[in-house]
Every structure is written in structure tokens, then in C-alpha cells.
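Visitor: Please take me through one part of this model in close detail. I would like to start with the ligand and the spaces in the protein.

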Amino acid sequence: MEKKYDPNKRHIIISGGSKGLGYSLCQSLLEDKNYPGYFISTFSRTKTAEMDELLQRYPDSFYYAELDIHDGKALIDYVEEACKRSSNLYGLINNAAIVQAGVLATLPEVEIMKMLEVNVTSALMLTRLFLRKMLQEEGKGRIVNISSICGLRGYSGLAVYSATKAALDGFTRGLARELGSRGITVNSVAPGYMRTDLSASLSDEQLEQIKRRTPLGRLAEGIDIVPLVRFLLSEEASFITSQTIVVDGGISN
Ligand SMILES: NC(=O)c1ccc[n+]([C@@H]2O[C@H](COP(=O)([O-])OP(=O)(O)OC[C@H]3O[C@@H](n4cnc5c(N)ncnc54)[C@H](OP(=O)(O)O)[C@@H]3O)[C@@H](O)[C@H]2O)c1
């Protein structure tokens, strides 16, 4: 018999919560002490120690599974299982992404396809599965797409990654129109450079250059991005939709 957890908690699905920004989001939302609080479902290809720790600390409000977002059948099963764990589906954060840096002319085709599949196609498919469940619920809801300043400004060596993030921003605007009448908001959050596994290919020299060009003089951190996502999930943000909001210390202007 499946266990149903506190039905009042708002259930948020976060793709790629095992590390980096996704993990900061899981942690922060699980720690939320305001009623009714959140039930968080997340997944990644590889389980991390951080996921074990959250499973131990929040056995009644956290669900994790190992899966590749590109595996359509596994994704369907995952969303089904997540909805059995907690019925009050409220939000989706499309966070999982990959990057392969390199100039387009020499970037292997397989890497181009992988970036498009993980960062765009799979995010769209997960959103579709989420909406099929979500639209059965009476209430309002939230979708937050984690984009990037690369979707708004050009960066050499990141053209394909930038294309995927610009696609996500276009998706945000179109979907916001489709879902407005249902009280579901859709927004993009575009962070500046953070030091995570995703940006590990940037050299120390490149990171120093980014800091120098940033008016606020440092790289972004998860803690800079999380409050905005939390706000977009909140009741107070119910009239904000279709936006791409930049959190980058000013570097992209
Ligand atoms: N880091 C930056 O400088 C930066 C800047 C702007 C925007 N962003 C955006 O912020 C978001 C989070 O990035 P991050 O820096 O936190 O990256 P990260 O540390 O590499 O984390 C990415 C997460 O996505 C998961 N993931 C990747 N491919 C997956 C797949 N095929 N199936 C399932 N899960 C997958 C990863 O786990 P597994 O690898 O185990 O699957 C991990 O949990 C991304 O959307 C990224 O584009 C990052």
C-alpha cells in the first residue's frame, strides 16, 4: 500500500536536484517552516550523498529516484510514482541541464543533440506530464524554468547551450499564455555564472574575467538564485507570469 504524506503540503517536482542549484532549491524548500510547506520530488542520473541525507532528514516530504530525463518511459513512471507519494501537485522547476562547451564548427553532432534533448525536449516532455496531472487539480500552480543569461546574451563556445536556454525562454512565454486562465504562472529565471559541475570546464582565468566584468564583483551562488525561485512559487507572485528574470550581479547589461 502506497503511503500518502501530508496532503496539504505543496508538491513541487524539481528536475536535477542532486547537486548544484537543484540541490540548493530542494534543501531550501524542504526547510520552509511556513504552513503548509513543501513536498519535494526530484531525480538525477546519479544519486549523491546529499540525496541520502535529505531522504533521511525528510522521510515524509522528500522523494528521490535515479533516472535519465531523456528516458521517456522512466519519466512517465517517475511522475506517476511522485504523484502517489503526494497528491497536492503544485509546481515544477525545470532545472536539469547539461553543457558541452566548444565552437559550433567542431562540436560533435552527438553533443549538440544531447544538449537539445536534455535541455529542451526533455524539459518540454516533463512539463507535459506535469500538466496532465496538474490540470486535474482545481488549484493554481507554478512552473519555473531555469534558464541562463546565455539565452539572452552571446558567449563564444556556448552557442548551442545558449540556443537551448533561449528555447526555454520562448517556451515560458508561450506556455504562460496557454495556462494563464488556469491560474498557473510560468516564468524563467536566468542566473549568471555559478561555480558548479556544469561550469567546471571554465578555467580559473575565465572565472576571474567573469568576476571582473560583473558590477557586483563575484560569481553567482545558489543562495542568490533560490530566493527568487521561492518568491515565484509563492502566493505573492500570482500576477507574475511569462517573464525571464535575470539574477547575475549585472554582468549581462
Ligand atoms: N552553473 C552555472 O554557471 C549556470 C549559469 C546559468 C544557468 N545555469 C542553469 O542552472 C541549472 C542548474 O545548473 P547547475 O549549475 O546546478 O548544474 P549541475 O550542478 O551540473 O546540476 C545539474 C543537475 O541536473 C542533473 N541532470 C543533468 N543531466 C540529467 C539527465 N540527463 N537526467 C537527469 N538529470 C540530469 C544532474 O545530475 P546527474 O548529472 O547525476 O544526472 C544535476 O542534478 C541548469 O539549468 C543550468 O543551465 C547554470
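Guide: What follows goes from the ligand site to the empty spaces, then to a few local features.

This is a predicted model. Start at the ligand. The shell around it holds 31 residues. Ser18, Arg45, Asn95, Tyr161 and Thr196 are the closest of them. By class, the shell has 14 nonpolar, 12 polar and five charged residues. Three elements each supply at least two shell residues: helix 1 (20–31), strand 2 (38–44) and helix 5 (159–179).

Now the polar contacts. Oxygen atoms of the ligand take part in each of these. Threonine 196 places a polar side-chain atom 2.5 Å from a ligand oxygen. Arginine 45 also uses a polar side-chain atom, at 2.7 Å from an oxygen of the ligand. Glycine 16 works through its backbone: an N or O atom there lies 3.1 Å from a ligand oxygen. How much of the ligand does the protein bury? Alone, the ligand exposes 880 Å², and the protein buries 96% of that area.

Next, the empty space. Rolling a probe the size of a water molecule over the atoms shows where such space is left. The count comes to two cavities of 30 Å³ or more.

The largest cavity has about 50 Å³ of space. Its lining includes Ser15, Asn94, Asn95, Lys165 and Leu168. Asn95 thus appears in this lining and is also among the residues closest to the ligand. Ile69, Ala96, Ala97, Val118, Asn119 and Ala123 line the largest cavity too. Six residues of this lining are nonpolar, four are polar and one is charged. Helix 4 (109–134) and helix 5 each give at least two of the lining residues. Helix 4 has the largest share, with three. Helix 5 also supplies at least two residues of the ligand shell.

The second largest cavity has about 30 Å³ of space. Gly192, Tyr193, Ile210, Thr214, Arg218, Leu219, Ala220, Asp248 and Ile251 line it. Five of these lining residues are nonpolar, two polar and two charged.

Then there is an open space. The second largest pocket has about 210 Å³. Its lining includes Arg10, Asp32, Asn34, Gly37 and Tyr38. Arg230, Phe231, Ser234, Glu235 and Glu236 are also in that lining. So are Tyr35 and Pro36. By class, the lining of this pocket has four nonpolar, three polar and five charged residues.

Two of those pocket residues deserve a second look. A cis peptide bond joins tyrosine 35 and proline 36, with omega at about 5 degrees. Proline 36 sits in the loop between helix 1 and strand 2. Most peptide bonds are trans, and most residues other than glycine have a negative phi. Serine 242 has a positive phi, near 70 degrees. The loop between helix 7 (222–233) and strand 7 (244–247) holds serine 242.

Last, the aromatic rings. The count comes to three aromatic pairs. One of them, phenylalanine 43 with tyrosine 78, is edge-to-face. The ring centres are 5.0 Å apart, and the planes make an angle of 70 degrees. Phenylalanine 43 belongs to strand 2 and tyrosine 78 to helix 3 (residues 72–85), so this pair ties together parts that are 35 residues apart in sequence. Strand 2 also supplies at least two residues of the shell around the ligand.

Methods:
Residues are numbered from 1 along each chain as its sequence is written. This is a predicted model: local features need pLDDT of at least 70, side-chain atom pairs count only at pLDDT 80 or more; totals for chains, interfaces and linings use all residues. Side-chain values use heavy atoms; hydrogens and water are left out. A residue is near a molecule or strand if one of its heavy atoms lies within 4 Å of it. A polar contact is a pair of N or O atoms within 3.5 Å; within protein, one must be able to donate a hydrogen and the other to accept it, and residues adjacent in sequence count only if both atoms are side-chain atoms. Accessible areas come from the Shrake-Rupley method with a 1.4 Å probe; for residues, only the protein chains shown count as cover. Helices (H or I, at least four residues) and strands (E, at least two) are DSSP runs, numbered from the N terminus. Ala, Val, Leu, Ile, Met, Phe, Trp, Tyr, Cys and Pro count as nonpolar, Asp, Glu, Lys and Arg as charged, and the others, Gly among them, as polar. On a 1 Å grid over the protein atoms alone, a cavity is a set of points where a 1.4 Å probe fits but cannot get out, and a pocket is an open set with protein on both sides within 12 Å along at least five of seven lines; lining residues have an atom within 4 Å of a point. Grid points are joined across faces, edges and corners, and a volume is the space filled by probe spheres set on the points. Rings of Phe, Tyr and Trp (its six-membered ring) pair if their centres lie within 6.5 Å; planes under 30 degrees apart count as stacked, over 60 as edge-to-face and the rest as tilted.
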